[in-house]
Each structure stands twice: as structure tokens, then as C-alpha cells.
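This report is meant for someone meeting the structure for the opening time, and it goes from the core to a helix pair and then to local backbone features. Please keep the sequence and the 3D view at hand while reading.

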Amino acid sequence: MTSWIPATCPLSLLPPPLRKTSLAAIPAGKEAAALATEFDFKGYMLSKAAAVNRALDLAVPLVEPRRIHEAMRYSLLAGGKRVRPVLCIAACELAGGHESLGMPPALAVEMIHTMSLIHDDLPCMDDDDLRRGQPTCHRAFGEPLAVLAGDALLALAFRTLSNPQSYPSSLSVPPSRIVRAVAELARCVGSEGLVAGQVVDIESTGRAEPVPIERLEYIHLHKTAALLEASVVIGAIIGGGSDPQVERLRRYAQCIGLLFQVVDDILDVTKSSQELGKTAGKDLASDKTTYPKLMGLEKSREFAEELNRDAKQQLEDFDREKAAPLVHLANYIAYRQK
């Protein structure tokens with residue numbers, strides 16, 4: 001990227017030349033058609049999301065102080081596509097682990113994702129009133145409790161990931177894997193990851209001069225892609241993936257993370273609030289820099305296609321059947337309608 005981005009940036013995979021890379025998609029032709037027929041992606045998503053929802057429900061019981069746990073559950077159990085925890089479980093399984101092994105890190109990333117949504121919606125941030133089709137946490141519980149609910153979910157996420165008792169007793173997880181996963185998650189959501197993206201996004205909103213594409217990519221590689229990266233990487237680590245496998249999956253995750261944001265920007269200007277389950281046109285109203293604003297709608301769609309194809313290239317060396325969930329998840333992110 002440009003010299004504006006710190007040299008220590010851990011998410012530097014996707015510089016502007018990405019838009020000139022090969023567009024070869026895998027699997028292709030008859031293989032793609034066969035894979036689409038053989039793999040029940042909808043059934044897979046519904047099954048994994050249902051398992052995640054059951055586990056989340058158990059993870060946050062209604063104990064005292066009751067009101068804070070009500071606020072945590074209100075946002076955590078409000079639905080959502082559960083893309084991040086499913087990515088985590090799919091990566092764990094691809095690396096050789098079992099779903100039950102991938103569930104603790106999956107819960108951790110969903111708790112942190114929910115925390116980020118609660119805080120992002122606050123009046124001091126994006127000031128939004130609608131999330132997942134219902135009033136935002138601060139609208140339902142007040143700002144102080146919303147801030148604390150987010151804080152509590154962040155703490156619970158690391159407790160869930162780091163506690164050996166979170167994992168099945170029949171499937172021993174080496175402590176070194178857990179420590180590595182905790183460090184990875186902390187990096188991706190801290191001041192070098194999600195927080196960095198949020199800070200630069202705030203600083204870039206409403207500026208008189210145009211925001212360059214490199215800065216926009218920095219924002220979204222950190223604000224959005226970082227947690228998707230963490231989801232995939234810690235799933236692969238806990239599942240026992242080798243270092244080369246973890247790094248290929250990291251690159252896959254960075255591609256789909258940026259893809260997720262490009263699609264989000266497109267949907268914000270092409271869909272209604274009712275269709276999205278959140279306030280549509282918010283970016284335009286707040287004069288935020290988005291891909292459609294910077295590149296135009298058609299170029300943004302082309303960029304999304306390239307990111308989708310590049311993500312799939314990272315899965316070439318994995319078993320085709322085991323990689324099918326991640327191939328379809330990339331397509332799901334690329335073609336989602338909300």
C-alpha cells in the first residue's frame with residue numbers, strides 16, 4: 001500500500017495491484033457445477049448456525065445482575081447470519097478438527113462481532129437506531145448499559161476461547177494452540193486490527209478532500225476483514241492446521257473480509273432498510289467514503305468479483321470436499337442480498 005500505512009501493519013496482503021491479479025476461479029467448469037450439486041450449502045449453514053445459536057444461548061445465562069445479561073443476550077441472540085462462527089468452524093474442520101473443537105473459538109468471534117456492532121451503533125460512533133431488524137442495544141437499554149454489554153461480551157469472548165474447560169474433554173487441545181489463538185484474536189481486534197480500522201474510519205468521515213483508495217482499503221482490511229481473518233485463522237489453529245495451511249487460510253480470509261465490505265457498501269445504496277434489517281443509505285447521509293462513492297457502482301461490483309475469485313484461489317491445495325464450505329461461503333458473501 002502507500003507509505004501512509006504503517007510498515008508494521010499486519011494486514012498488508014491486499015495492495016492496489018490486487019485488482020490486476022488473475023481472475024481464474026476454482027473450482028471451474030464441470031467441477032464447479034458438480035460441487036454445487038454435491039454440497040448442500042443451505043443445509044450446512046442452517047445446521048451450523050443452529051448449533052452456534054444453541055451454544056450462545058447457554059453461554060450467557062440470565063444471572064445477576066440480570067439487566068446486563070439481558071442486554072448481552074438481546075444483541076447476541078438477535079439473529080444474524082452467523083457468518084463468522086461458521087467460517088471458524090469450517091476452517092477448524094478443514095484443518096482436521098471436529099465441530100465441537102471449533103465451537104469455543106466460534107462463540108468467541110461472534111461475541112466480539114456483537115460487541116463491535118453494539119459499540120459501532122452508539123451515538124458517539126455511527127449513531128444508528130436499527131440493527132438486525134430491531135432497535136439497537138443503546139436504544140433498548142440506554143447508552144451506559146450498551147457500552148457495558150459490549151465490554152462484557154469482549155471479556156466473555158476471551159474467557160470462552162482461553163478456558164480449557166470450554167473444549168470437549170474427549171478432544172484434548174494442546175495449550176500452545178489455545179495461547180496462539182488468543183494472541184491472534186487479540187491482535188485482530190485491537191489497535192492493529194478492528195480498532196485501527198474504526199479510528200481511521202472516524203477520521204476519514206466528512207473530510208473535505210477525497211479519501212484515497214489505499215486509505216479506504218486500510219479501513220476495511222482492519223475494521224471488517226480483521227475479524228473475519230481471526231475467525232478463519234483461530235479455527236484453523238485450534239483444528240491443528242500446519243503453518244502453511246494457516247497462512248493460506250489467512251489470505252483467503254483477508255480477501256473475503258474486504259469482499260464483505262465492498263458488498264456491504266453496494267447493498268447500502270441499492271437496498272431498502274426493510275430489506276437490510278438496518279438503516280439503508282446511512283453511509284451516503286453521513287458522507288462516509290465507500291467503494292461505490294470512490295469507484296462507482298459497476299466498478300465496485302467488478303472488484304467484488306475479483307476478490308471472490310482470488311479468495312477461492314487460496315483453497316487450491318486443500319481437499320476439494322473439505323474446502324467446499326469455504327468456497328460456498330465466499331460465494332455467499334459475494335452474492336448476499338442483506
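This is a predicted model, in which local features need pLDDT of at least 70 and side-chain atom pairs count only at pLDDT 80 or more, while totals for chains, interfaces and linings use all residues. Residues are numbered from 1 along each chain as its sequence is written, and side-chain values use heavy atoms, with hydrogens and water left out.

The largest nonpolar core, meaning a set of buried Ala, Val, Leu, Ile, Met, Phe, Trp, Tyr and Cys residues joined through side-chain atoms within 4.5 Å, holds 93 residues, and those with the most contacts inside it are L87, L185, Y252, L326 and L329. Helix α12 (residues 243-270) supplies the largest share of this core, 13 residues; helices here are DSSP runs of H or I with at least four residues, and strands are runs of E with at least two, numbered from the N terminus. When neighbours within four places in sequence are left aside, Y252 is in contact (heavy atoms within 4.5 Å) with L87, V232, A311, Q314, L315, L326, L329 and A330.

Helices α2 and α4 have axes, which are lines fitted to C-alpha atoms over the stretch in contact, with angles that run from 0 to 180 degrees between N-to-C directions, and these axes come within 10 Å and cross at roughly 105°. The two helices α2 and α4 are therefore roughly perpendicular, a term that covers 65 to 115 degrees. In this pairing, Y44, M45, K48, A49 and V52 of α2 meet P85, V86, I89, A90 and E93 of α4.

Two residues that are not glycines nevertheless have a positive phi, as the table sets out; buried means under 20% relative accessible area, exposed over 50%, and partly exposed in between, with a 1.4 Å probe and protein chains only.

| Residue | Phi | Loop | Relative accessibility |
|---|---|---|---|
| R82 | about 60° | between α3 and α4 (83-94) | 3%, buried |
| R132 | about 55° | between β1 (130-131) and β2 (134-135) | 22%, partly exposed |

Another backbone feature is the cis peptide bond from E64 to P65, with omega near -10°, and P65 lies in the loop between α2 (41-59) and α3 (66-76).

Finally, an unreviewed UniProt entry lists residues 294-324 as "coiled-coil region", and such annotations may be inferred rather than shown by experiment, with positions given in the numbering used here and feature names shortened. In the model, residues 294-324 are 77% helix and 0% strand, with the end C-alpha atoms 33 Å apart.

Terms used: Parallel < 35°, antiparallel > 145°, perpendicular 65-115°, else oblique.
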